Amino acid sequence: NQHTDMSVFENLESSVRSYSRSFPTIFERAKGHELWDVNGNSYIDFFAGAGALNYGHNHSDMQERLIEYIQSDGLLHSLDMATGPRAEFLQTFHDVILEPRGMDYKVMFPGPTGTNTVESALKIARKVTGREKVVTFTNAFHGMTIGALSVTGNAFKRHGAGIPLTYSMAMPYDDYMDGFDSLNYLEKMIEDDGSGIDLPAAVILETVQGEGGINAASFEWLKKVEELCQRHGIFLIIDDVQAGCGRTGTFFSFEKAGISPDVICLSKSISGSGLPMAITLIKPDYDQWGPGEHNGTFRGNNLAFVTASEALKYWKSEEFSTSIQKKSEIFQKRLHEFVESYPELEGEVRGRGLMLGIASEKPGLSGQIAERAFAGGLIVETSGPDDEVLKFLPPLIIDEEAITKGLDIIEDSIKAVLG
Ligand code: PMP
């Protein structure tokens, strides 16, 4: 009963953007940083399920614990009932992540996806402040439901949005905004009664914009955002769905910025295994939900809790974080070499940790390189408003040899595409 023919996707699947057509083969299995297709071809993974597989595919310890739990007739679905895996996750998250960082937050299970955590964050900010508007930034991406879409900066993804929830502001990364100080501008507008701009409920942002093109905010700028929020009683929501869980080198992407968000959104790699899971971290004073105000059938996936607790073991020492930063240096050094050696790329290296990219000024070039790389045995995606950024999100457990091998494929693909 093995499907080996791609035509089923062409004929039977809706035309909604689908990865089955971006990577034209049928995948069969995967382990660590590698995938294999039905034809026996192997692929190095520089995509990691868009950041959902930071610990690699089919991690042996997680697999073992899952099998054990299923064979013990553990609950696969329990809605919101208390279970051992749920308790273990809460305790481990507190002991391994929150307490050592001096962070005091309540953990909420908002539903299975990144979009669910964003929705819950927007709702609690609006409820607690009693205000409506949310400040967001150009090229932000926060999800696909109507609320999350309305804070998503890319206009082309907003079709069907239409809840007038936001002010969309340009994010002032120095390189992108020519020094325009949008935070100062925003503050002036808020303070001016005649501006027509009401005090917002929240500011929501990604510290490194993933879908928006691997734009990394400086720590100084993040600190300024926090100060502005504190001066005016505005909620600071950090959407760490893609940049969190170690992607930028520390568990939370904002740790080195020294900020203390009011609400934090995590999903993707929080389960560790690729199983759907999301959490919203809320400062205890703001945990003001009324009964039934945010419920949902799939809020507590016990299989995801089992693997999530296992994944958190990586964070018991500094070792993992150090290894990510070391790999990041190797990776970045090589990306800089590409940009220098191939000036026709008109490229720029972006990112932090193992959330990296090369932006190319040449239209369509990044997509062509990604396509070529796939034929050479590497899975890599593009992002940015015009898909102009080759985006590198390898599993954090990848070894240096595979990084080099993957980057060799990128270099061969650059050469081939540039001719
Ligand atoms: N926020 C960010 C920063 C994301 O990158 C994504 C997904 N790419 C989301 C939210 C939405 O997550 P999901 O696709 O799981 O709903």
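## Ligand shell

In the classes used here, Ala, Val, Leu, Ile, Met, Phe, Trp, Tyr, Cys and Pro count as nonpolar, Asp, Glu, Lys and Arg count as charged, and the others, Gly among them, count as polar. With that in hand, we can look at the shell around the ligand, keeping in mind that this is a predicted model. The shell residues divide into four nonpolar, eight polar and three charged.

Which residues come nearest to the ligand? Of the 15 residues around the ligand, they are Thr113, Gly114, Thr115, Val241 and Gln242. Helix 6, which covers residues 114-129, gives the most to this shell, with three residues.

## The protein as a whole

Stepping back, the protein has 14 helices and 17 strands. Its C-alpha atoms fill a box of roughly 60 × 60 × 45 Å, taken along the principal axes. For 419 residues, a compact globule would have a radius of gyration near 22 Å, and the 21 Å of this protein agrees with that.

Of the 419 residues, 46% count as buried. Among the contacts with a separation of 6 or more, 72% come from residues 24 or more positions apart.

## Two domains and where they touch

The protein is divided into domain 1 (7-59 + 318-418) and domain 2 (74-315). The C-alpha centres of domain 1 and domain 2 lie 26 Å apart. How many residues of each domain are in contact with the other? There are 29 in domain 1 and 26 in domain 2.

On the side of domain 1 that touches domain 2, the elements that give two or more residues are helix 3, helix 12 (319-341), strand 13 (347-352), strand 14 (355-360) and strand 17 (389-392). Helix 12 gives the most to this side, with five residues. By class, this side of domain 1 has 13 nonpolar, 12 polar and four charged residues.

## A four-stranded open sheet

Let us turn to one of the sheets. Four strands form an open sheet with mixed pairing, in the order 1-2-3-15. Strand 1 (27-31) and strand 15 (378-379) are the edge strands, each pairing on one side only.

Strand 2 (residues 34-37) and strand 3 pair in the antiparallel sense over three bridges. Strand 2 and strand 3 also form a hairpin with four residues between them, and Gly40 in the turn has a positive phi of about 85°. Strand 3 (residues 42-45) runs parallel to strand 15, and two bridges join them. Ile44 is a handy residue to follow here: Glu34 stands opposite Ile44 of strand 3, while Leu378 is the bridge partner of Ile44 in strand 15.

## Helix 3 and its positive phi angles

Helix 3 (residues 48-51) includes Ala48 and Ala50. Ala48 has a positive phi of about 50° although it is not a glycine. Ala50 also is not a glycine, and has a positive phi of about 55°.

Is each of these alanines buried or partly exposed? A residue is buried if 20 or more other C-beta atoms lie within 10 Å of its own, exposed if 12 or fewer, and partly exposed in between. Ala48 counts as buried because it has 27 C-beta neighbours inside 10 Å. Ala50 has 18 such neighbours inside 10 Å, so it counts as partly exposed.

## Gly84 and a partner far along the chain

Gly84 lies in helix 5 (residues 84-98). Why does Gly84 count as partly exposed? The reason is its 14 C-beta neighbours inside 10 Å, a number between the limits for exposed and buried.

If you are looking for Gly84 in the structure, Val306 is a useful landmark. Gly84 and Val306 are 222 residues apart in sequence, and their C-alpha atoms are 9.0 Å apart in space.

Note on methods. Residues numbered from 1 in each chain as written. Predicted model: local features only at pLDDT ≥ 70, side-chain atom pairs only at ≥ 80, totals over all residues. Near = placed C-beta within 6 Å. Pairing = 2+ DSSP bridges. Domains from an automatic or database assignment. Contact = placed C-beta atoms within 7 Å. Rg over C-alpha atoms; globule rule 2.2 N^0.38 Å.
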